[in-house]
Number of protein chains: 2
Amino acid sequence: MRTHYCGQLNISHNDETVELCGWVHRRRDHGGVIFIDLRDRDGLVQVVYDPDDADTFATAEEVRGEYVLRIKGRVRPRPEGTVNKDLGTGEIEILGQELEILNRSETPPIQLDDDDVGEDLRLRYRYIDLRRPLMQDRIRMRAEVTRNLRNFLDNEGFIDIETPMLTKATPEGARDYLVPSRTHEGKFFALPQSPQLFKQLLMMSGMDRYYQIVRCFRDEDLRADRQPEFTQLDVEMSFIDDEDIMQTMERMIRQLFKTVLDVDLPDPFPRMTYAESMQRFGNDRPDMRCPLELIDVADLMQDVEFKVFAGPAKDPKGRVVALRLPKGGELSRKEIDGYTKFVGIYGARGLAYIKVNELANGRDGLQSPILKFLPDEAVNAILERTGAEDGDLIFFGADKTNIVNESIGALREKLGKDRGLMEGEWKPLWVVDFPMFEFDEGEGRWTALHHPFTAPKFEGDSIEVNPGTALSRAYDMVLNGSEIGGGSIRIHRRAVQEQVFNLLGIEKQEADEKFGFLLDALKYGCPPHGGLAFGLDRLVMLMSGASSIRDVMAFPKTQTASCLLTNAPSEVSTRQLRDLHIKLREREKTAE
Amino acid sequence: MRTHYCGQLNISHNDETVELCGWVHRRRDHGGVIFIDLRDRDGLVQVVYDPDDADTFATAEEVRGEYVLRIKGRVRPRPEGTVNKDLGTGEIEILGQELEILNRSETPPIQLDDDDVGEDLRLRYRYIDLRRPLMQDRIRMRAEVTRNLRNFLDNEGFIDIETPMLTKATPEGARDYLVPSRTHEGKFFALPQSPQLFKQLLMMSGMDRYYQIVRCFRDEDLRADRQPEFTQLDVEMSFIDDEDIMQTMERMIRQLFKTVLDVDLPDPFPRMTYAESMQRFGNDRPDMRCPLELIDVADLMQDVEFKVFAGPAKDPKGRVVALRLPKGGELSRKEIDGYTKFVGIYGARGLAYIKVNELANGRDGLQSPILKFLPDEAVNAILERTGAEDGDLIFFGADKTNIVNESIGALREKLGKDRGLMEGEWKPLWVVDFPMFEFDEGEGRWTALHHPFTAPKFEGDSIEVNPGTALSRAYDMVLNGSEIGGGSIRIHRRAVQEQVFNLLGIEKQEADEKFGFLLDALKYGCPPHGGLAFGLDRLVMLMSGASSIRDVMAFPKTQTASCLLTNAPSEVSTRQLRDLHIKLREREKTAE
């Protein structure tokens with residue numbers, strides 16, 4: 001139906017007769033002539049109709065925004081002075097000869113060049129929102145990213161293998177989405193949170209290298225940037241160690257950024273232990289573009305009378321840190337109040353600070369509501385340890401360790417962005433040497449920090465003697481403050497797997513019920529293996545500069561897990577429920 | 001951990017020291033020497049340990065089948081007379097120097113070289129079944145097929161776009177798998193039977209060319225070759241007509257067969273109308289390798305006294321056909337009884353036949369239990385119309401049209417295979433000009449033969465005047481008797497879509513509830529568009545020569561939709577159900 005895409009045309013097509021299809025982006029009447037900007041996925045081109053051909057002109061007069069047209073015309077240079085340098089096709093226009101209206105359009109509820117449309121409206125009329133060039137670019141970049149990743153992995157001998165979506169409920173972590181079975185009364189499938197066990201089984205099947213770009217599901221309370229269904233690049237390799245998989249994945253991401261964005265990522269990626277990352281940045285996914293760091297000062301505060309600091313300083317589960325903000329002296333009272341509110345989100349009950357006006361002036365050169373509670377030696381030691389200079393501001397966090405880490409860790413990144421301190425565009429990092437377990441105070445038991453199939457760094461008695469200090473062979477790839485991938489070497493020995501289940505308080509019967517097939521499989525020659533999974537939505541979001549993963553998904557759900565376009569989820573008939581051997585709790589109550 | 005895959009080695013590696021990882025396929029002691037066939041995904045290689053190094057030899061003695069090893073050794077030619085031509089590595093062996101047991105194995109429940117293991121056992125121990133070279137080849141061919149299809153479509157400008165898995169229940173066709181929502185009490189998502197509406201919305205979004213290799217779900221009673229979840233290659237294009245999409249898809253399949261199987265498919269594929277296919281072959285997915293055809297003889301039978309023929313011959317909903325089997329005179333009584341039983345599966349109440357022994361002998365040259373019921377002129381007309389020759393056998397089908405079509409259509413293909421009549425290896429075919437609607441006698445209403453979004457061949461009044469004769473712009477790609485792909489040009493005008501909903505008895509309120517978003521979208525500039533979906537499992541099954549789609553899926557389900565490996569579906573806790581606002585019907589009854 002066409003000879004070219006609109007956006008492909010340029011002066012080299014001069015004098016050619018072309019046929020185009022697309023949408024009316026704009027229509028203007030000017031000097032007795034009709035100008036139509038025709039849009040398709042490749043761009044815009046200007047088509048001109050003059051009144052010489054009365055019939056065609058009359059049709060052109062009918063045309064409105066978002067009408068679907070097929071046109072035929074001759075390419076010609078634009079008259080001098082009307083060239084549009086901002087447009088790929090801006091040197092030319094089409095002198096329209098024919099015009100067919102393929103479909104009409106009512107006035108659309110979203111204007112395509114309005115960037116301020118509310119997200120609800122965008123999601124409800126997604127098919128119009130997706131016509132916007134920005135959204136088209138993002139969706140196309142996503143396809144380019146997956147294609148690039150597939151090509152890399154295909155060439156490295158990885159086999160693309162599909163795993164089931166209707167599978168068994170998993171025990172740890174987030175809630176499963178359940179699917180009632182019609183043929184097995186009272187039983188349920190679960191949608192996979194990840195293909196973890198299947199990819200391990202594929203290694204036991206001798207597939208050697210596996211990958212899959214696969215949908216995963218988590219029925220979580222949705223935070224700002226989570227979706228009930230999301231896409232993972234899932235990778236697993238046999239007969240390898242930590243080094244092999246990390247190097248392979250690093251190469252993959254490096255060539256991805258080079259090909260798609262023409263960006264050179266460092267070779268190799270820097271690495272940091274979990275312990276160091278928590279200490280210096282308060283979390284395990286630090287944004288390395290931000291030069292600010294958390295500096296421990298608990299040892300300086302143990303004997304001060306200021307309880308807010310001395311308490312956490314003396315508490316083995318507490319932490320006291322300083323965060324020096326260069327030129328922070330410029331912050332207004334109002335800005336500081338804003339940051340105090342910000343750390344409150346993370347549970348911090350306040351945000352102490354010292355402004356360093358003039359070091360040479362001693363205490364008088366400092367300005368702080370807490371100064372009066374701190375002895376000279378403590379103040380001097382802080383100034384020295386933080387390397388404070390005139391004009392700086394030092395923030396403090398003092399509380400339970402996790403509150404300090406979360407609040408001051410978040411403050412660090414916020415200050416980095418607000419104050420324009422970020423250095424460099426892309427800063428990847430491997431975080432390694434994660435703890436094997438963390439103690440769940442609520443449940444009074446050890447839980448797996450990654451998942452219960454992660455191999456410990458040292459096997460044998462060591463993990464049982466002190467689970468709290470045992471390290472795992474897990475690794476996370478972090479980019480600009482986001483965890484974009486995570487994985488581990490897996491347990492390949494049955495005895496070690498049983499030991500870990502044991503430590504996690506998973507009893508033999510429960511282990512057999514839930515993981516019997518895995519424990520069985522470990523009996524019949526399981527190779528050493530490990531892998532990684534990348535969050536594709538997050539990765540594409542970062543690469544495309546979008547601010548939400550919803551902007552790189554064609555049909556995302558809202559934060560309450562509903563689809564505004566189709567109105568899913570929706571009610572179903574009683575007959576459907578009866579077929580599935582279930583009934584609604586609510587309806588049942590009413591009936592009684 | 002290794003320098004090569006086992007199967008890669010050959011005489012060109014002579015004298016190299018190599019390191020390999022893999023499974024012990026076989027271990028033999030022979031003349032004081034231990035031979036280990038080491039297997040990985042690329043093949044087998046023979047490793048020899050002699051007693052010179054006592055420690056390594058002792059380890060080699062421990063080794064059993066399916067142990068996981070890492071070995072180091074030197075490649076050398078096999079001694080004369082021991083070369084194995086059947087093995088890629090058969091000219092060489094490895095003189096083992098080191099041997100590390102990475103993991104042990106109990107005696108596996110499946111022997112890898114036993115081709116007669118029951119399918120239940122294979123599915124339960126799928127991770128062992130998948131180690132078999134045949135299964136490895138199939139899974140790898142599947143990856144090769146998807147890679148090839150993706151490359152073709154990427155190069156043709158199609159964009160790979162993901163659509164939701166948690167979506168809205170669809171109204172027509174098979175049962176949906178439902179997913180209860182936790183955040184929206186009493187509401188349910190449905191897993192997609194296909195991304196049909198989303199891909200149409202993507203065309204309305206101006207994406208122009210879309211594809212996706214996507215999981216689909218149907219909660220049907222599973223026939224021999226169906227799975228509750230299956231994979232589709234889904235394609236859609238804008239601004240095209242039937243010809244464009246059919247030619248593009250044909251090219252795709254042609255280059256797929258050329259690249260993967262080195263097979264030249266015809267260019268172009270032959271085409272046949274639905275009506276002709278039903279008439280000549282009894283179904284709309286004829287195996288064109290089979291030269292047999294159904295020949296209508298109702299006109300010859302209307303006045304015979306033989307009620308079995310005359311009844312259907314006079315019934316407007318009946319059909320009487322002959323099927324000539326060349327050299328069918330060879331069939332034994334027992335074989336004919338077998339075929340009679342076979343057509344019984346499809347509802348036929350018998351299978352009349354005439355053996356043509358010697359035409360020159362008139363009636364005496366024929367042999368048949370029904371001969372006495374038929375007058376000479378009818379018999380002669382049958383012989384002439386079927387072109388019968390000495391030694392042939394003519395089968396007859398006479399019943400309601402659909403029973404004749406199904407039974408004799410199936411018999412035709414079975415005879416073709418049993419009697420070695422199949423001509424050529426690969427015979428693709430387009431079937432076109434499908435009816436738009438079929439009348440559901442049970443429900444007393446018209447239903448869509450494809451789906452309600454399929455465009456009619458002629459718009460306007462014609463479809464309303466006589467829905468039974470209206471043709472659609474649907475097309476199926478058939479290969480060797482299987483429908484491998486099907487699609488259509490879609491309705492892109494709102495008025496036509498409403499007209500079709502109307503004819504299907506979908507009332508305005510119901511249409512708005514279920515398809516309101518589609519009808520809405522049709523208001524805002526929908527381009528002409530159409531597409532196709534291929535059943536990937538079926539396609540790979542045919543290409544790999546497997547006899548079931550289960551053999552080209554890594555982790556398939558049984559015919560009762562359960563997974564023997566993981567024991568899914570399984571029971572879940574009452575708490576989980578409560579979170580989802582549902583309860584079991586059964587359990588509830590007991591409680592009362």
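**Exercise 1. Aromatic pairs**

How many aromatic pairs does the structure hold over all chains? Work through one pair that joins two chains.

*Solution.* The model is predicted: local features need pLDDT of at least 70, side-chain atom pairs count only at pLDDT 80 or more, and totals for chains, interfaces and linings use all residues. Residues are numbered from 1 along each chain as its sequence is written, chains are lettered from A and ligands numbered from 1 in the order in which they are written, and side-chain values use heavy atoms, with hydrogens and water left out.

Step 1. Fix the term. Rings of Phe, Tyr and Trp (its six-membered ring) pair if their centres lie within 6.5 Å; planes under 30 degrees apart count as stacked, over 60 as edge-to-face and the rest as tilted.

Step 2. Give the count. Over all chains there are 35 aromatic pairs.

Step 3. Take F189(A) and Y177(B). Their pair is edge-to-face, with 6.5 Å centre to centre and 80° between the planes.

Step 4. Place both residues. F189(A) belongs to strand β8 (residues 188-190) of chain A, and Y177(B) to the loop between β6 (159-160) and β7 (178-180) of chain B, so the pair joins two chains. Helices (H or I, at least four residues) and strands (E, at least two) are DSSP runs, numbered from the N terminus.

Step 5. Check burial. Buried means under 20% relative accessible area, exposed over 50%, partly exposed in between (1.4 Å probe, protein chains only). F189(A) is buried at 1%. Y177(B) is buried at 3%.

Step 6. Set a second pair beside it. F439(A) and W446(A) are also edge-to-face, 5.0 Å centre to centre with 75° between the planes. F439(A) is partly exposed at 39%, and W446(A) is partly exposed at 23%.

Step 7. Add a cluster. F306(A), F309(A), F373(A) and F396(A) are linked by ring pairs.

**Exercise 2. Two chains**

Which rotation superposes chain A on chain B?

*Solution.* Step 1. Read the operation. It is a rotation of 180° with 0.0 Å of shift along its axis, and the RMSD is 0.1 Å. The fit is by least squares on the C-alpha atoms of residues with pLDDT of at least 70 in both copies.

Step 2. Name the relation. This is the relation of a two-fold axis.

Step 3. Compare the surfaces. Both copies use the same surface: 100% of the contact residues of chain A recur in chain B. Contact means heavy atoms within 4.5 Å.

**Exercise 3. An enclosed helix**

Why does helix α5 of chain B count as largely enclosed?

*Solution.* Step 1. Count the buried residues. In α5 (residues 196-204) of chain B, 9 of the 9 residues are buried, so the helix is largely enclosed by the rest of the structure. Among them are Q196(B), K199(B) and M204(B).

Step 2. Find the cover. From chain A it includes β1 (17-30) and α3 (126-129). From chain B it includes β9 (209-217), β10 (229-238), α15 (508-521) and β22 (529-535).

Step 3. Look past the helix. G206(B) follows α5(B), and its phi is positive, near 80°.

**Exercise 4. Surroundings of R319(A)**

Where does R319(A) lie, and is R319(A) buried or exposed?

*Solution.* Step 1. Locate it. R319(A) is in strand β13 (residues 318-325) of chain A.

Step 2. Check accessibility. R319(A) is buried, with a relative accessible area of 7%.

Step 3. Follow the side chain. It reaches the backbone oxygen of Q279(A) at 2.5 Å. A polar contact of 2.5 Å also joins the side chains of R319(A) and N405(A). A polar contact is a pair of N or O atoms within 3.5 Å; within protein, one must be able to donate a hydrogen and the other to accept it, and residues adjacent in sequence count only if both atoms are side-chain atoms.

Step 4. List some neighbours. Not counting residues up to four places away in sequence, R319(A) touches residues including D296(A), D399(A) and K400(A).

**Exercise 5. Chain A as a whole**

How many helices and strands are in chain A?

*Solution.* Step 1. Chain A has 18 helices and 23 strands.

Step 2. Its C-alpha trace spans about 95 × 75 × 60 Å along its principal axes.

Step 3. Of the 592 residues in chain A, 57% are buried.
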